[in-house]
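Welcome! Here is a short briefing to read alongside the structure, grouped by topic so that you can look things up as you go.

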Amino acid sequence: MTGIANVSHGPDHRSFVNSFFHTMAAACVLISLFFLLPVDTIYAAGVDLPGVRLDFDDAEAPQQISGVLKIIFILTVLSLAPAFLILMTSFTRLVVVFSFLRHALGTQGSPPNQVIIGLALFLTFFIMQPVWQKIHQEAIVPYEQHEISNEEFLQRATTPLKGFMLKQTRKKDLALFVSLANTEKPKNIDSVSLTAIIPAFVISELKTAFQIGFMLYLPFIILDMVVSSILLSMGMMMLPPVMISLPFKLMLFVLVDGWSMLIGSLVQSFQ
(Lines give C-alpha, C1' and ligand atoms only; values in the text may rest on other atoms or scores of the structure.)
Protein backbone atom coordinates (compact mmCIF):
# COMPACT_ATOMS: atom_id res chain seq x y z
CA MET A 1 0.00 0.00 0.00
CA THR A 2 1.36 3.40 -0.97
CA GLY A 3 2.55 5.52 1.90
CA ILE A 4 2.19 2.90 4.64
CA ALA A 5 5.85 2.08 4.96
CA ASN A 6 6.85 5.67 5.79
CA VAL A 7 7.45 6.41 9.46
CA SER A 8 6.36 9.60 11.26
CA HIS A 9 5.66 10.21 14.93
CA GLY A 10 2.50 11.95 16.14
CA PRO A 11 1.46 13.34 19.53
CA ASP A 12 0.97 11.10 22.55
CA HIS A 13 -2.74 11.77 22.80
CA ARG A 14 -3.28 9.63 19.70
CA SER A 15 -3.03 6.55 21.91
CA PHE A 16 -6.03 7.78 23.89
CA VAL A 17 -7.99 8.26 20.66
CA ASN A 18 -7.16 4.71 19.56
CA SER A 19 -8.21 3.30 22.93
CA PHE A 20 -11.43 5.31 22.75
CA PHE A 21 -12.24 3.85 19.33
CA HIS A 22 -11.50 0.34 20.61
CA THR A 23 -13.80 0.96 23.58
CA MET A 24 -16.54 2.23 21.27
CA ALA A 25 -16.15 -0.81 19.03
CA ALA A 26 -16.32 -3.16 22.01
CA ALA A 27 -19.44 -1.37 23.28
CA CYS A 28 -21.07 -1.77 19.85
CA VAL A 29 -20.18 -5.46 19.91
CA LEU A 30 -21.68 -5.97 23.36
CA ILE A 31 -24.88 -4.09 22.48
CA SER A 32 -25.26 -6.03 19.23
CA LEU A 33 -24.72 -9.38 20.94
CA PHE A 34 -27.24 -8.47 23.64
CA PHE A 35 -29.93 -7.93 21.01
CA LEU A 36 -28.89 -10.71 18.62
CA LEU A 37 -28.31 -13.60 20.99
CA PRO A 38 -31.38 -15.41 22.34
CA VAL A 39 -32.37 -14.74 25.93
CA ASP A 40 -31.85 -18.34 27.00
CA THR A 41 -28.33 -18.24 25.57
CA ILE A 42 -27.53 -15.14 27.62
CA TYR A 43 -28.79 -16.71 30.83
CA ALA A 44 -27.08 -20.03 30.05
CA ALA A 45 -23.79 -18.21 29.64
CA GLY A 46 -24.19 -16.71 33.09
CA VAL A 47 -24.03 -13.06 31.94
CA ASP A 48 -24.97 -10.76 34.81
CA LEU A 49 -25.84 -7.17 33.99
CA PRO A 50 -24.06 -4.86 36.47
CA GLY A 51 -26.00 -2.30 38.44
CA VAL A 52 -24.96 1.34 38.50
CA ARG A 53 -25.68 3.61 41.47
CA LEU A 54 -24.94 7.33 41.62
CA ASP A 55 -24.00 8.82 44.97
CA PHE A 56 -22.99 12.46 45.18
CA ASP A 57 -22.96 12.73 48.99
CA ASP A 58 -19.17 12.61 49.20
CA ALA A 59 -18.28 14.17 45.89
CA GLU A 60 -15.14 15.80 47.28
CA ALA A 61 -13.33 12.49 47.53
CA PRO A 62 -11.01 11.85 44.55
CA GLN A 63 -12.33 8.31 44.21
CA GLN A 64 -15.91 9.56 43.97
CA ILE A 65 -15.02 12.17 41.36
CA SER A 66 -13.18 9.52 39.36
CA GLY A 67 -16.21 7.21 39.57
CA VAL A 68 -18.56 9.94 38.35
CA LEU A 69 -16.27 10.67 35.40
CA LYS A 70 -16.21 6.99 34.52
CA ILE A 71 -20.01 6.86 34.56
CA ILE A 72 -20.21 9.93 32.32
CA PHE A 73 -17.72 8.32 29.94
CA ILE A 74 -19.76 5.09 29.86
CA LEU A 75 -22.99 6.98 29.16
CA THR A 76 -21.24 8.88 26.36
CA VAL A 77 -20.02 5.63 24.83
CA LEU A 78 -23.50 4.11 25.00
CA SER A 79 -25.08 7.18 23.39
CA LEU A 80 -22.62 7.06 20.47
CA ALA A 81 -22.64 3.27 20.12
CA PRO A 82 -25.62 3.12 17.68
CA ALA A 83 -23.86 5.50 15.28
CA PHE A 84 -20.68 3.42 15.43
CA LEU A 85 -22.71 0.24 15.00
CA ILE A 86 -24.26 1.66 11.82
CA LEU A 87 -20.95 2.86 10.38
CA MET A 88 -18.99 -0.30 11.21
CA THR A 89 -21.41 -2.80 9.66
CA SER A 90 -23.13 -3.43 6.33
CA PHE A 91 -26.01 -1.09 7.21
CA THR A 92 -24.68 1.87 5.20
CA ARG A 93 -24.55 0.07 1.86
CA LEU A 94 -27.95 -1.54 2.34
CA VAL A 95 -29.90 1.57 3.30
CA VAL A 96 -28.34 3.70 0.53
CA VAL A 97 -29.12 1.08 -2.14
CA PHE A 98 -32.73 0.75 -0.95
CA SER A 99 -33.10 4.52 -1.08
CA PHE A 100 -31.76 4.57 -4.66
CA LEU A 101 -34.20 1.83 -5.61
CA ARG A 102 -37.15 3.83 -4.31
CA HIS A 103 -36.08 6.90 -6.29
CA ALA A 104 -35.46 4.82 -9.42
CA LEU A 105 -38.96 3.36 -9.24
CA GLY A 106 -40.40 6.83 -8.72
CA THR A 107 -42.71 5.69 -5.92
CA GLN A 108 -41.94 8.76 -3.76
CA GLY A 109 -42.50 7.61 -0.15
CA SER A 110 -43.18 3.94 -0.78
CA PRO A 111 -41.72 1.85 0.78
CA PRO A 112 -41.65 4.26 3.75
CA ASN A 113 -38.45 5.07 5.58
CA GLN A 114 -39.39 2.85 8.53
CA VAL A 115 -39.64 -0.19 6.26
CA ILE A 116 -36.36 0.57 4.48
CA ILE A 117 -34.44 1.14 7.72
CA GLY A 118 -36.00 -1.92 9.36
CA LEU A 119 -35.19 -4.17 6.41
CA ALA A 120 -31.62 -2.84 6.25
CA LEU A 121 -31.22 -3.35 9.99
CA PHE A 122 -32.37 -6.99 10.00
CA LEU A 123 -30.29 -7.74 6.92
CA THR A 124 -27.34 -6.23 8.78
CA PHE A 125 -27.95 -8.64 11.66
CA PHE A 126 -28.09 -11.51 9.17
CA ILE A 127 -24.88 -10.51 7.37
CA MET A 128 -22.94 -9.73 10.55
CA GLN A 129 -24.03 -12.84 12.44
CA PRO A 130 -20.81 -14.84 11.71
CA VAL A 131 -18.75 -11.87 12.95
CA TRP A 132 -20.79 -11.60 16.17
CA GLN A 133 -20.50 -15.34 16.80
CA LYS A 134 -16.73 -15.19 16.35
CA ILE A 135 -16.50 -12.27 18.78
CA HIS A 136 -18.64 -14.13 21.30
CA GLN A 137 -16.53 -17.28 21.13
CA GLU A 138 -13.08 -15.66 21.04
CA ALA A 139 -13.60 -12.63 23.29
CA ILE A 140 -16.72 -12.67 25.45
CA VAL A 141 -16.62 -16.30 26.60
CA PRO A 142 -12.93 -16.21 27.70
CA TYR A 143 -13.52 -12.84 29.38
CA GLU A 144 -16.49 -14.18 31.35
CA GLN A 145 -14.35 -17.10 32.48
CA HIS A 146 -11.61 -14.67 33.60
CA GLU A 147 -9.10 -16.13 31.18
CA ILE A 148 -8.12 -12.84 29.52
CA SER A 149 -7.55 -9.26 30.67
CA ASN A 150 -9.49 -6.15 29.69
CA GLU A 151 -6.92 -5.10 27.10
CA GLU A 152 -6.88 -8.54 25.48
CA PHE A 153 -10.70 -8.58 25.51
CA LEU A 154 -10.81 -5.28 23.57
CA GLN A 155 -8.25 -6.57 21.09
CA ARG A 156 -10.06 -9.87 20.51
CA ALA A 157 -13.46 -8.18 20.28
CA THR A 158 -12.39 -5.65 17.65
CA THR A 159 -10.22 -7.98 15.54
CA PRO A 160 -13.10 -9.79 13.71
CA LEU A 161 -14.93 -6.50 13.15
CA LYS A 162 -11.72 -4.95 11.90
CA GLY A 163 -11.18 -7.85 9.52
CA PHE A 164 -14.70 -7.49 8.14
CA MET A 165 -14.21 -3.79 7.44
CA LEU A 166 -10.81 -4.31 5.82
CA LYS A 167 -12.28 -6.86 3.38
CA GLN A 168 -14.81 -4.27 2.18
CA THR A 169 -12.42 -1.29 2.19
CA ARG A 170 -10.52 -0.17 -0.89
CA LYS A 171 -6.78 0.16 -0.48
CA LYS A 172 -6.86 3.62 -2.03
CA ASP A 173 -9.34 4.89 0.57
CA LEU A 174 -7.41 3.29 3.42
CA ALA A 175 -4.11 4.75 2.20
CA LEU A 176 -5.74 8.20 2.09
CA PHE A 177 -6.62 8.21 5.80
CA VAL A 178 -3.33 6.58 6.78
CA SER A 179 -1.45 9.36 5.00
CA LEU A 180 -3.64 12.05 6.57
CA ALA A 181 -3.16 10.68 10.09
CA ASN A 182 -0.50 12.31 12.26
CA THR A 183 0.56 9.00 13.79
CA GLU A 184 3.25 6.43 13.30
CA LYS A 185 2.80 4.74 9.96
CA PRO A 186 1.72 1.07 10.30
CA LYS A 187 4.10 -1.55 9.06
CA ASN A 188 1.37 -3.79 7.60
CA ILE A 189 -2.37 -3.87 7.03
CA ASP A 190 -3.09 -5.61 10.33
CA SER A 191 -1.54 -2.80 12.39
CA VAL A 192 -3.75 -0.05 10.93
CA SER A 193 -5.75 1.67 13.68
CA LEU A 194 -9.54 1.88 13.80
CA THR A 195 -9.34 5.67 13.47
CA ALA A 196 -8.24 5.17 9.86
CA ILE A 197 -10.20 2.01 9.06
CA ILE A 198 -13.68 3.29 10.00
CA PRO A 199 -13.81 6.41 7.75
CA ALA A 200 -12.11 4.51 4.92
CA PHE A 201 -14.69 1.75 5.27
CA VAL A 202 -17.57 4.26 5.22
CA ILE A 203 -16.50 6.03 2.03
CA SER A 204 -15.78 2.68 0.37
CA GLU A 205 -19.30 1.53 1.26
CA LEU A 206 -20.77 4.76 -0.09
CA LYS A 207 -18.89 4.35 -3.37
CA THR A 208 -20.06 0.77 -3.73
CA ALA A 209 -23.65 1.74 -2.92
CA PHE A 210 -23.57 4.52 -5.54
CA GLN A 211 -22.27 2.07 -8.15
CA ILE A 212 -25.09 -0.36 -7.38
CA GLY A 213 -27.58 2.53 -7.46
CA PHE A 214 -26.37 3.52 -10.93
CA MET A 215 -26.94 -0.01 -12.19
CA LEU A 216 -30.43 0.03 -10.68
CA TYR A 217 -31.31 3.27 -12.45
CA LEU A 218 -30.39 2.08 -15.96
CA PRO A 219 -33.38 -0.19 -16.81
CA PHE A 220 -35.88 2.26 -15.34
CA ILE A 221 -34.36 5.21 -17.24
CA ILE A 222 -34.63 3.23 -20.48
CA LEU A 223 -38.29 2.51 -19.70
CA ASP A 224 -38.91 6.22 -19.03
CA MET A 225 -37.30 7.15 -22.35
CA VAL A 226 -39.44 4.63 -24.25
CA VAL A 227 -42.64 5.87 -22.63
CA SER A 228 -41.69 9.51 -23.26
CA SER A 229 -40.95 8.79 -26.94
CA ILE A 230 -44.28 7.01 -27.39
CA LEU A 231 -46.23 9.83 -25.75
CA LEU A 232 -44.39 12.44 -27.82
CA SER A 233 -45.09 10.58 -31.06
CA MET A 234 -48.78 10.40 -30.13
CA GLY A 235 -48.90 14.13 -29.44
CA MET A 236 -49.67 13.71 -25.75
CA MET A 237 -47.16 16.29 -24.58
CA MET A 238 -49.30 17.44 -21.64
CA LEU A 239 -49.49 13.95 -20.10
CA PRO A 240 -46.70 13.37 -17.52
CA PRO A 241 -44.55 10.39 -18.64
CA VAL A 242 -43.94 9.39 -15.01
CA MET A 243 -47.64 8.69 -14.51
CA ILE A 244 -47.60 6.18 -17.39
CA SER A 245 -44.19 4.62 -16.75
CA LEU A 246 -44.73 3.99 -13.02
CA PRO A 247 -47.11 1.00 -13.46
CA PHE A 248 -44.75 -0.51 -16.03
CA LYS A 249 -41.80 -0.07 -13.66
CA LEU A 250 -43.65 -1.82 -10.87
CA MET A 251 -44.76 -4.61 -13.20
CA LEU A 252 -41.20 -5.10 -14.50
CA PHE A 253 -39.76 -5.13 -10.98
CA VAL A 254 -42.32 -7.67 -9.77
CA LEU A 255 -42.04 -9.94 -12.83
CA VAL A 256 -38.26 -10.28 -12.49
CA ASP A 257 -38.63 -10.85 -8.71
CA GLY A 258 -36.61 -7.71 -8.05
CA TRP A 259 -36.56 -7.83 -4.25
CA SER A 260 -35.18 -11.36 -4.18
CA MET A 261 -32.54 -10.59 -6.80
CA LEU A 262 -31.47 -7.33 -5.18
CA ILE A 263 -31.23 -8.66 -1.61
CA GLY A 264 -29.50 -11.84 -2.76
CA SER A 265 -26.92 -9.81 -4.67
CA LEU A 266 -26.37 -7.45 -1.72
CA VAL A 267 -25.83 -10.28 0.74
CA GLN A 268 -23.45 -12.07 -1.62
CA SER A 269 -21.49 -8.87 -2.17
CA PHE A 270 -20.33 -9.06 1.48
CA GLN A 271 -19.30 -12.70 1.22
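## The chain as a whole

Residues 24 or more positions apart account for 76% of the contacts in the chain with a separation of 6 or more. Please keep in mind that this is a predicted model. The chain has 10 helices and 0 strands, so the run of elements from the N terminus reads α-α-α-α-α-α-α-α-α-α. Of its 271 residues, 34% are buried.**Helix H4**

- Helix H4 covers residues 91–105.
- Its 15 residues should span 21 Å at 1.5 Å a residue, and the end C-alpha atoms of H4 are indeed 21 Å apart, so the two values agree.
- H4 is largely enclosed by the rest of the structure, because 12 of its 15 residues are buried.
- Among the buried residues of H4 are Phe91, Leu94, Phe98 and Arg102, and Thr92, Arg93, Val96, Val97, Phe100, Leu101, Ala104 and Leu105 are buried as well.
- Just after H4 comes Gly106, which has a positive phi, near 75°.

**How H4 meets H8**

- Helix H8 takes in residues 194–233.
- The axes of H4 and H8 are 9 Å apart, and the two helices pack at an angle of about 20°.
- An angle under 35 degrees counts as roughly parallel, and H4 is therefore roughly parallel to H8.
- The crossing of H4 with H8 is right-handed.
- On the H4 side, the contact is made by Thr92, Arg93, Val96, Val97, Phe100, Leu101, His103, Ala104 and Leu105.
- On the H8 side, the partners are Glu205, Leu206, Thr208, Ala209, Phe210, Ile212, Gly213, Leu216, Tyr217 and Phe220.
- Sorted by class, the residues in this contact of H4 with H8 are 13 nonpolar, 4 polar and 2 charged.

**How H6 meets H8**

- Helix H6 runs over residues 150–168.
- The axes of H6 and H8 come within 9 Å and cross at roughly 40°, and these two helices are therefore oblique to each other.
- H6 and H8 cross in a left-handed way.
- From H6, the residues Thr158, Lys162, Phe164, Met165, Leu166 and Gln168 take part in the contact, while H8 brings Leu194, Ile197, Ile198, Phe201, Ser204 and Glu205.
- In this contact of H6 with H8 there are 7 nonpolar, 3 polar and 2 charged residues.

**Two buried residues to look up**

- Ile197 sits in helix H8 and counts as buried, because its relative accessibility is 0%.
- Apart from its neighbours within four places in sequence, Ile197 is in contact with Lys162, Met165, Leu166, Leu174 and Val192.
- From Ile197 to Thr169 there are 28 residues in sequence, and 7.9 Å in space from C-alpha to C-alpha.
- Ser245 belongs to helix H9, and its relative accessibility of 1% makes Ser245 count as buried.
- Leaving out residues up to four places away in sequence, Ser245 touches Leu223, Asp224 and Val227.

**Backbone details in the loops**

- Between Ser110 and Pro111 the peptide bond is cis, with omega near -5°.
- Pro111 can be found in the loop between helix H4 and helix H5, where H5 covers residues 113–144.
- His146, a residue other than glycine, has a positive phi, near 60°.
- The loop between H5 and H6 is where His146 is placed, and His146 counts as exposed, with 72% relative accessibility.
- Asp257 is a residue other than glycine with a positive phi too, here near 55°.
- Asp257 lies in the loop between helix H9 (241–255) and helix H10 (258–269).
- With a relative accessible area of 45%, Asp257 is partly exposed.

Conventions: Residues are numbered from 1 along each chain as its sequence is written. This is a predicted model: local features need pLDDT of at least 70, side-chain atom pairs count only at pLDDT 80 or more; totals for chains, interfaces and linings use all residues. Side-chain values use heavy atoms; hydrogens and water are left out. Helices (H or I, at least four residues) and strands (E, at least two) are DSSP runs, numbered from the N terminus. Buried means under 20% relative accessible area, exposed over 50%, partly exposed in between (1.4 Å probe, protein chains only). The expected span of a helix is 1.5 Å times one less than its number of residues. Contact means heavy atoms within 4.5 Å. Axes are lines fitted to C-alpha atoms, for helices over the stretch in contact, and angles run from 0 to 180 degrees between N-to-C directions. Angles under 35 degrees count as roughly parallel, over 145 as roughly antiparallel, 65 to 115 as roughly perpendicular and the rest as oblique. A crossing is left-handed if the near helix is turned anticlockwise from the far one by less than a right angle, and right-handed if clockwise. Ala, Val, Leu, Ile, Met, Phe, Trp, Tyr, Cys and Pro count as nonpolar, Asp, Glu, Lys and Arg as charged, and the others, Gly among them, as polar.
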